[in-house]
Amino acid sequence: MEGNFQISETTNLLRKIKEFTRSIVEDLAEGKSPEIAINRFRNYCNDPEADCFCSSDEPKGREILTLRKRSQTYRIDMLLRVLLIVQQLLQENRHGSKRDIYYMHPSAFKAQSVVDRAIADICILFQCSRYNLNVVSPWKYCVCWKWVGTSDSDYSASIRRHVLVLRSTLCCRLVMGWLKFREAGRKFDCLSSLNTAFPVPVLVEEVEDIVSLAEYILVVEKETVFQRLANDMFCKTNRCIVVTGRGYPDVSTRRFLRLLMEKLQLPVHCLVDCDPYGFEILATYRFGSMQMAYDIESLRAPEMKWLGAFPSDSEIYGVPQQCLLPLTEEDKKRTEAMLLRCYLKREMPQWRLELETMLKRGVKFEIEALSVHSLSFLSEVYIPSKIRSEGSFH
């Protein structure tokens with residue numbers, strides 16, 4: 001039934017593309033300039049005092065593209081080029097990345113941002129998500145690994161060993177813990193080896209048969225922290241699922257997280273560096289990105305809680321002065337800009353206070369700075385204590 005639904009959805013999208021291109025051809029044949037109306041969306045504004053509805057999925061304006069404006073001719077041309085490629089992907093039931101599309105006409109596109117904008121315009125025009133177009137995240141190689149030991153007694157700093165296995169996968173985002181599922185017929189059984197990293201699926205719409213015994217989901221900013229938790233067998237002693245987007249989260253990671261939240265109804269905590277970039281990652285998971293505000297409902301995690309690291313944690317957990325780094329001028333500008341976002345005052349005033357504290361103190365620190373106490377402090381003390389005390393900010 002699900003497969004038939006996807007086929008019907010694709011058929012409907014191909015019909016819309018055909019009607020759209022036909023209308024453009026007819027306008028040109030009659031000597032008229034086509035007019036393409038593209039709605040504009042935003043998930044926040046930079047007026048903390050505004051009585052706005054930025055987080056809604058309603059359009060916040062409209063832009064009309066026409067050949068009568070010279071500056072828009074190139075944009076229409078690129079939109080149609082990308083649309084032709086998308087149509088081919090759908091007709092042949094194949095997938096391609098934004099990077100694949102760029103390299104099909106690099107001299108015409110000139111920059112990846114041109115392709116990105118065209119794909120966003122197409123999604124808005126046809127009221128669909130990027131995955132409906134068969135456009136996926138870039139394919140990469142990732143290193144997956146797991147701890148090897150003959151018994152629990154082998155787990156000590158002196159005899160810990162790792163096996164690095166180079167896998168060709170469709171992504172570099174990782175998941176581990178109390179979870180198993182299927183994606184396009186492939187089995188992902190994290191339950192069979194709780195401290196082994198598995199790739200986050202790219203074809204999230206084809207994920208099914210999700211089974212979990214977890215009590216919560218933990219999202220971590222960095223792969224190094226993910227590795228630390230795997231090394232410490234965090235998931236063996238804590239019934240959870242751990243996910244990392246390895247920095248700024250891509251669409252697949254955000255959609256996979258949203259799917260897990262909807263299917264499992266588990267609380268979600270996020271652990272990021274105590275710096276402006278870490279907060280930006282947190283905000284992207286919870287509120288979505290401005291670039292993809294048109295698809296905000298399928299990409300954000302509205303119930304996500306901020307587990308840390310907070311500016312106040314440096315005092316609470318005794319982070320030494322030498323582990324604190326001064327905020328750069330760029331850090332300060334970025335933080336000041338984030339403080340203006342309407343959702344911080346409207347929905348998350350406590351988050352705003354933490355940002356103000358960081359700016360006032362003028363310092364930042366990485367999650368790994370907590371390892372100054374012990375290598376396993378993060379997994380044995382910091383995270384469990386935060387979870388138990390519900391110390392994360394909603």
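**Helix α8 and the β9-β8-β11 sheet**

Helix α8, spanning residues 251-264, lies across strands β8 and β11 and runs at about 60° to β11. The model described here is predicted. The strands contacted by the helix belong to an open sheet of three strands, arranged in the order β9-β8-β11 with antiparallel pairing. The edge positions are taken by β9 (186-189) and β11 (207-212), each of which pairs on one side only. On average, and with direction ignored, neighbouring strands of this sheet are turned by 10° against each other. In a regular strand, side chains alternate between the two faces of the sheet.

Pairing within the sheet was examined strand by strand. Strand β8 comprises residues 179-183 and pairs with β11 in the antiparallel sense over four bridges. Within this pairing, E183 of β8 has V207 in β11 as its bridge partner. β8 and β9 are likewise joined by antiparallel pairing, again over four bridges. Here K180 is matched with D189, its bridge partner in β9. The connection between β8 and β9 is a hairpin with two residues between the strands. A184, located in the turn of this hairpin, has a positive phi of about 50°.

A separate point concerns Y103, which UniProt lists under "active site" in an unreviewed entry. This annotation may be inferred rather than shown by experiment. In the model, Y103 is found in helix α3, which covers residues 98-104. The relative accessible area of Y103 is 52%. Because the cut-off for an exposed residue is over 50%, Y103 counts as exposed.

At the level of the whole protein chain, the secondary structure comes to 15 helices and 17 strands. The chain contains 394 residues, and buried residues make up 52% of them. Among contacts with a separation of 6 or more, 74% are accounted for by residues 24 or more positions apart in the chain. The accessible surface of the protein chain comes to about 19,000 Å². Carbon and sulfur atoms contribute 52% of that surface.

Taken together, the region described above consists of the β9-β8-β11 sheet, with the hairpin formed by β8 and β9 and helix α8 lying across β8 and β11.

Technical notes: Residues numbered from 1 in each chain as written. Predicted model: local features only at pLDDT ≥ 70, side-chain atom pairs only at ≥ 80, totals over all residues. Heavy atoms only, no water. Buried < 20%, exposed > 50% of the residue type's maximum accessible area, 1.4 Å probe, protein only. Contact = heavy atoms within 4.5 Å. Areas by Shrake-Rupley, 256 points an atom, 1.4 Å probe, with all protein chains shown as cover. Pairing = 2+ DSSP bridges. Axes fitted to C-alpha atoms, helices over the stretch in contact; angles between N-to-C directions.
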